[in-house]
Amino acid sequence: MIELKNISKSYKGKGVFTRALVNVSLRVEPGDFIAIMGRSGSGKTTLLNILGCMDRFDEGEYLFDNVNIHKYREKELANFRNKNIGFIFQAFNLINDMTAVENVELPMGFAGLNSRERRTNAMKLLDDVGLKDKAFNKPLELSGGQQQRVAIARALANNPKIILADEPTGNLDEESGFQIMDLLKNLNNQKKVTIIMVTHDEQIAKYADRIVYMRDGVLL
Ligand SMILES: Nc1ncnc2c1ncn2[C@@H]1O[C@H](COP(=O)(O)OP(=O)(O)OP(=O)(O)O)[C@@H](O)[C@H]1O
Ligand SMILES: [Mg+2]
């Protein structure tokens, strides 16, 4: 599904030069659930951003379903991303003056659905994450775990093949964290959504089928 071949990326600025990724190669098969672990600054978020086509790399090759993503222009890449990839962040990244259901509908705009279809789909997704009764509340009226569940529903808005999650439980208490992980595990088991997740927590990493480690930009 995804094949990264010898990806390297550096950040250059103000005389500082950081090699964030060094010759990273990774194969991801459909239905995989992968955890990425490693110290702060080891390149985990950089790798996730590249997997999600949010960031460019200096060297190497990225194939998604055997298509080299190099060939996409900016706009095609945005469409490709919207269709195939859902993101979940540590800090939820919801829009605070929109309701839960409006947040979930947001990515659907690009997918050519009318407003009634968007509403129906978004309510179904909120129901799936157990939050139908909070659909018309705004994020700040929800608990952290509930906000992250809204974020998961939003990530699923366009039926992505793959979910990328950067410390999805990092801002949650233990109990809410495990709830989020049960939800992701179910998506992976039942809907065969491929998941790649960064975490610092050994207990959380155990939900994955495979754990990979990063050190100083190198995938070990
Ligand atoms: N926009 C940027 N400009 C310059 N350097 C950056 C930028 N983003 C990341 N870096 C550097 O690249 C390296 C990898 O950063 P990255 O965010 O991928 O680490 P991480 O493993 O996600 O760390 P953490 O666990 O703290 O989130 C770090 O040395 C970081 O300082
Ligand atoms: Mg990070």
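I take contact to mean heavy atoms within 4.5 Å. I also note that the model I am reading is predicted.

**Entry 1: the whole chain**

I began with the protein chain as a whole and counted 7 helices and 10 strands. Does its radius of gyration agree or disagree with that of a compact globule? The chain has 17 Å, and a compact globule of 220 residues would have a value near 17 Å, so the two agree. I then looked up the span of the C-alpha trace along its principal axes, which is about 50 × 40 × 40 Å.

Of the 220 residues, 50% are buried. The chain exposes about 11,300 Å², and 47% of that comes from carbon and sulfur atoms. I also checked contacts with a separation of 6 or more: residues 24 or more positions apart account for 71% of them.

**Entry 2: the sheet of 4 strands**

This sheet is open, with the order 2-1-4-5 and antiparallel pairing. Its edges are strand 2 (16–28) and strand 5 (67–68), each of which pairs on one side only. I followed strand 1 (residues 2–13) to strand 2 and found 9 bridges between these antiparallel strands. One pair I noted is Tyr11 with Thr18, its bridge partner in strand 2.

Which strands does helix 1 lie across? I found helix 1 (residues 44–51) across strand 1, strand 2 and strand 4 (59–64), and its direction is at about 120° to strand 1.

**Entry 3: Ser8**

I picked Ser8, which lies in strand 1. Is Ser8 buried or exposed? Its relative accessibility is 10%, and buried means under 20%, so Ser8 counts as buried. Its side chain reaches the backbone nitrogen of Asn23 at 3.0 Å. Leaving out residues up to four places away in sequence, I listed what Ser8 touches: Leu21, Val22, Asn23, Phe57, Asp58 and Glu59.

**Entry 4: the sheet of 6 strands**

I turned to the other open sheet, which has the order 6-7-8-3-9-10 and mixed pairing. Strand 6 (85–88) and strand 10 (218–219) stand at its edges; each has a single partner strand, so one side of each lacks a neighbour in the sheet. Helix 2 (residues 74–84) packs on this sheet and touches strand 6 and strand 7 (162–166). I read the angle between the directions of helix 2 and strand 6 as about 75°.

How many bridges join strand 3 and strand 9? I found 5 bridges between strand 3 (residues 33–38) and strand 9 (residues 210–215), which pair in the parallel sense. Ile34 stands opposite Arg210 in strand 9.

Key
Residues numbered from 1 in each chain as written. Chains lettered and ligands numbered in written order. Predicted model: local features only at pLDDT ≥ 70, side-chain atom pairs only at ≥ 80, totals over all residues. Heavy atoms only, no water. Pairing = 2+ DSSP bridges. Helix = DSSP H or I, 4+ residues; strand = E, 2+ residues; numbered from the N terminus. Axes fitted to C-alpha atoms, helices over the stretch in contact; angles between N-to-C directions. Rg over C-alpha atoms; globule rule 2.2 N^0.38 Å. Buried < 20%, exposed > 50% of the residue type's maximum accessible area, 1.4 Å probe, protein only. Areas by Shrake-Rupley, 256 points an atom, 1.4 Å probe, with all protein chains shown as cover. Polar contact = N/O pair within 3.5 Å; in protein donor to acceptor, adjacent residues only side chain to side chain.
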